[in-house]
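Subject: Structure for you to look at

Hi,

Here is the structure I promised to pass on. My notes follow below it.

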Amino acid sequence: MRRRPVIVINFGSQYVQLIARRVRELGVYSEIVSWEEDPESIKRKDPYGIILSGGPASVYEEGAPLPDRGIYEIGVPILGICYGLQVVVHQLGGRVERSAKQEYGRARLRVLKEDPLFEGLPEEFDVWMSHADRVTELPEDFTTVAVSENSPHAVIRDRRGLIYGLQFHPEVVHTSFGREIIGNFLFKVCGATRNWEIGDLVGEKIEEIRMKVGDRRVIAALSGGVDSTVASVLVHRAVGDRLHCVFVDHGLLRLGEREEVERNLRALGLPVRVVDAGKVFLERLKGVEDPEEKRRIIGNTFIEVLESEARNVEGVRFLLQGTLYPDVVESAGVKGSAKIKTHHNVGGLPERMNLELLEPFRDLFKDEVREIGKLLGVPREILMRHPFPGPGLAIRILGEVNEEDLEILRKADSIFIEELKREGFYERVWQAFAVLLPVRTVGVMGDVRTYEKVIALRAVESVDGMTADWFRFPHDFLDRVMRRIINEVKGVNRVVYDISSKPPATIEWE
């Protein structure tokens, strides 16, 4: 089925797929293309409009990604976001300079005049900024629509009302009315009609998997989490008994997780083989403290184990993984994006593998995968599980990984999650976990001086994992969790709570 799209031009923003996804959420089909895409190719797609993404570059630097100026001649509305705004200004005769005061995080936007982009919205509201450059001179025939404290041209448009630029990010959940702004661009500026829903994607993915796999077999790297479980159910729907599921116990799991995962997967009718490889992983991690090295070792060992299992199944060609778009972005799997950290199922894989990757959710976000899971009949208790990293507790122990510290962390984490569920916080939180810090502090327990380890608690609110804010627990809840951990987990005498947002921090510590 051919759908008329909104085109999102990618300049390397970590949010580019989030922009495309926001458009889809509003019921309009979207496609992402490179900034190097030929304007004639874009024009042939007959787009409703074009959105220019953010990006890490500065338009005035040598080698900065700049699109062919022909995009302005296609004749459809254009919305530039952050770097995309600066591209518009730079290419059409304005000026962009380094800002004396950078803006990161929340800022107050003040709308100066009525405009279709802000129809139905208040004159002032909070937006999410992330920039070090700002517009200092507008191109000819452009006007300022809104300002912030450090951005005198936070929103601009040309006098025809066809080209807009936003210094802030409407696609992130921390921008108030961001969905409404994008919706106004789609329906009031572009005149788009709704032509997309998530149910369409399920059928398309199944057909895509059948075409790719053919009569060959697939081995699934199952973790029991949302992503790999839903991916396995989807592929099982597509290829049936040619899917072979393997659950690798790498010795870095949470308390009781192996038994829970086995029970859940078998209840879904997925044939699962459990491989106990904990000793191999821990032996290779001995003496390793650097988080990137941990991820590399775990990724390589993980593939070794799976390839060994695959040799026992005739005709296996593909390795199924539940890779999501945030994993790809943070591992610099999107051209132009900065590498944040290696995910073992993206950048942590060895360069040469005997299996071809099958990643049906590589361009999706976790809440979209949860919607697909609902359509496939995956139980809610599985779909609402918090994200758990592929390298497991190895990246929640800061420093060398050993059995003693794993045991401490498992118990502390289990107490935290148990209390979250007891108090009804678990499903209100996007992700929560404990981290074992590589420090000891002095304490007093039973009138005796102690010198023991520190547990950090982390809990965040998010929709897609691209941005996140810390969860505001009642103080008495944190007090109860702290007392239980210190009283019940031997070797811990201090508990702290992480109140960092993403950005500037990541959700996981390593």
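Which residue follows helix 4, and what is the sign of its phi? The residue is Gly191, with a positive phi near 70°. Please keep in mind that this is a predicted model.

Helix 4 itself covers residues 178-189, twelve residues in all. From first C-alpha to last, helix 4 reaches 15 Å. That is close to the 16 Å expected at 1.5 Å a residue. Several of its residues are buried, among them Ile181, Ile182, Phe185, Leu186 and Val189. Gly178, Gly183 and Asn184 in helix 4 are buried as well.

Next, the sheet. Five strands form an open sheet in the order 12-11-10-13-14. Their pairing is parallel. Strand 12 (272-276) and strand 14 (356-358) are the edges, each pairing on one side only. From one strand to the next, the twist averages 30°.

At one edge, strand 12 runs parallel to strand 11 (residues 243-249). Five bridges join the two. Across this pairing, Val246 stands opposite Arg273 in strand 12.

Two helices lie across these strands. Helix 5 (residues 198-213) lies across strand 10 (217-222), strand 13 (316-320) and strand 14. Its direction is at about 165° to strand 14. Helix 7 (residues 257-267) lies across strand 10, strand 11 and strand 12. Helix 7 runs at about 165° to strand 12. Strand 10 is thus crossed by helix 5 and also by helix 7.

Now the aromatics. The count comes to twelve aromatic pairs. One of them is Trp470 with Tyr497, an edge-to-face pair. The centres are 6.2 Å apart, with 70° between the planes. This pair links distant parts of the chain. Trp470 is in strand 17 (residues 469-470) and Tyr497 is in strand 18 (residues 492-497), 27 residues apart.

Trp470 and Tyr497 also belong to a cluster linked by ring pairs. The other members are Phe416, Phe425, Phe471, Phe473 and Phe477.

Finally, charges over rings. The charged end of Arg3 sits over the ring of Tyr29, 5.5 Å from the ring centre. The charged end of Lys421 sits over the ring of Tyr426, at 4.9 Å from the centre.

Best wishes

Note on methods. Residues numbered from 1 in each chain as written. Predicted model: local features only at pLDDT ≥ 70, side-chain atom pairs only at ≥ 80, totals over all residues. Heavy atoms only, no water. Pairing = 2+ DSSP bridges. Helix = DSSP H or I, 4+ residues; strand = E, 2+ residues; numbered from the N terminus. Axes fitted to C-alpha atoms, helices over the stretch in contact; angles between N-to-C directions. Contact = heavy atoms within 4.5 Å. Phe/Tyr/Trp six-rings, centres within 6.5 Å; stacked < 30°, edge-to-face > 60°. Lys NZ or Arg CZ within 6 Å of the ring centre and 35° of its normal. Expected span 1.5 Å × (residues − 1). Buried < 20%, exposed > 50% of the residue type's maximum accessible area, 1.4 Å probe, protein only.
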